Amino acid sequence: MALWQRLSSCNVSLVQELYSRNTVGISGLVRHNLSEYIESRPWTRYNVEDPAHEHEIRQEFNNFMMTLKWKIEDFRNSGDMEKIMDTSKRLEEQYNNLFKNFTNKPHDFVANMQHILQEENKILMATETADMKPIVDGLDNGGDASMMADLQSSLFSLSFRKVKDLNARIDESIDSLDEKSDMKRVTQEELQRKTAHYQQRMNQLSEVDQNNMNHMRDRCMRTLHTIHQQINDIMVHLLTLLEQTLTQLKTSHQSISTEIDDWKEDQRKFMISGKRQKPLDSIERDACYLADALTSCAGYYTRLRNHLDEMAEQRAHVLEFHTEVISIIRAMMLKCF
């Protein structure tokens, strides 16, 4: 589920307060109307302090402004008077403000987007963990160690709900990538077939036939260019999802490693004091959650390999993700056995 859609179930006043403080950057109206586009862009991959990213950051800002302009035009042509008179006007005011504030400082715009999305995730996290407050209150009032274990278990389950959500979005992106690649292949085959057909009859073609051939070739080339751009956009979004997933997996792995180390230490103390040792049930459950997630993630490289032949940079990122996943699997095996 998209971040903006999930935020709709949160405390709306917190979201409104966030955007009321964001007087220089985008407004809540822009965030709402460009939510899908905003969440598809790789904002976190840019280092705004690195001059090497300057060109990419400039391009990212220009693409954002162009997308916002298209949205304004869509509203103007919608036939809906409210959208024409109100929404499009307010969006155009925001467009002018963004142009004025960030045209010469696109890195500030990207930094602002990074901050906004980070704050949104904090609001979402606070809402999703709100149901755990009774447990925390119980601990503050002298609750026992089992309540702490329940809290840790709940937080761990929350982390894996995020991983599960990310995995679903990754699967959806790969399916979309497969679909676009099939469309690209069919278009290429059509172009080759018709070109070969026209070449066989080249000496017999009339001027009209030659024009038709040129129109056909232009149409196919435009279609191929569009599909190629869509594939690139999907890959950029997919790499962002992989990066977020890897962060969650590393955090979960560290959590389980700490649990195992604590259990081993408690076992050592038990051998000395005779104190009853806590069971391994929760650790086994958490390890199974992680193993399931790692198994799914380890299969992504195989599913993506055929798409990466002409994408050297993306292939390197996907291979790096795959290597990190395998490293976590090996570390888990060493830790558990």
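**Exercise 1. Helix α11**

Task: In this predicted model, work out what span the 18 residues of helix α11 should have, and check the result against its end C-alpha atoms.

Solution. Helix α11 runs over residues 281-298, and at 1.5 Å a residue its expected span is 26 Å. The span is 1.5 Å times one less than the number of residues. The end C-alpha atoms of α11 are 26 Å apart, which agrees with the expected value.

**Exercise 2. The two sides of α11**

Task: Find which residues of α11 are buried and which are exposed, and decide how the buried ones are placed around the axis.

Solution. Step one is to list the buried residues of α11: I283, D286, A287, L290, A293, L294, C297 and A298. These cover an arc of only 135 degrees around the axis, so they lie on the same side of α11. Step two turns to the other side of α11, where D281, C288, D292 and T295 are exposed.

Step three checks one cysteine from each group. C288 has 54% relative accessibility and therefore counts as exposed, the cut-off being over 50%. C297 has 0% relative accessibility and therefore counts as buried, the cut-off being under 20%.

**Exercise 3. Disulfides**

Task: State how many disulfides the structure holds.

Solution. A disulfide is a covalent bond between the sulfur atoms of two cysteines. The structure holds 0 disulfides.

**Exercise 4. The largest pocket**

Task: Describe the volume of the largest pocket, its lining residues and the makeup of that lining.

Solution. The volume comes first: the largest pocket holds about 1400 Å³ of space. Its lining consists of 35 residues, and those nearest the centre are S40, R41, D233, I234 and H237. Two or more lining residues come from each of α4 (35-40), α5 (54-76), α9 (145-200), α10 (207-273) and α13 (312-336). Sorted by type, the lining has 14 polar, 11 charged and 10 nonpolar residues.

**Exercise 5. T87**

Task: Place T87 in its helix, classify it as buried or exposed, and give the separation of its C-alpha atom from that of N33.

Solution. T87 belongs to helix α6, which covers residues 81-102. Its relative accessibility is 12%, so T87 counts as buried. Along the chain T87 and N33 are 54 residues apart, while their C-alpha atoms are separated by 9.8 Å.

**Exercise 6. The whole chain**

Task: Count the helices and strands of the protein, and give the share of residues that count as buried.

Solution. The protein has 13 helices and 0 strands. Its pattern along the sequence is α-α-α-α-α-α-α-α-α-α-α-α-α. Of its 337 residues, 38% count as buried.

Technical notes. Residues numbered from 1 in each chain as written. Predicted model: local features only at pLDDT ≥ 70, side-chain atom pairs only at ≥ 80, totals over all residues. Heavy atoms only, no water. Helix = DSSP H or I, 4+ residues; strand = E, 2+ residues; numbered from the N terminus. Buried < 20%, exposed > 50% of the residue type's maximum accessible area, 1.4 Å probe, protein only. Arc of directions from axis to C-beta. 1 Å grid on protein atoms, 1.4 Å probe; cavity = no way out; pocket = protein on both sides within 12 Å on 5 of 7 lines; lining within 4 Å. Points joined across faces, edges and corners; volume = space filled by probe spheres on them. Nonpolar A, V, L, I, M, F, W, Y, C, P; charged D, E, K, R; others polar. Disulfide = S-S within 2.5 Å.
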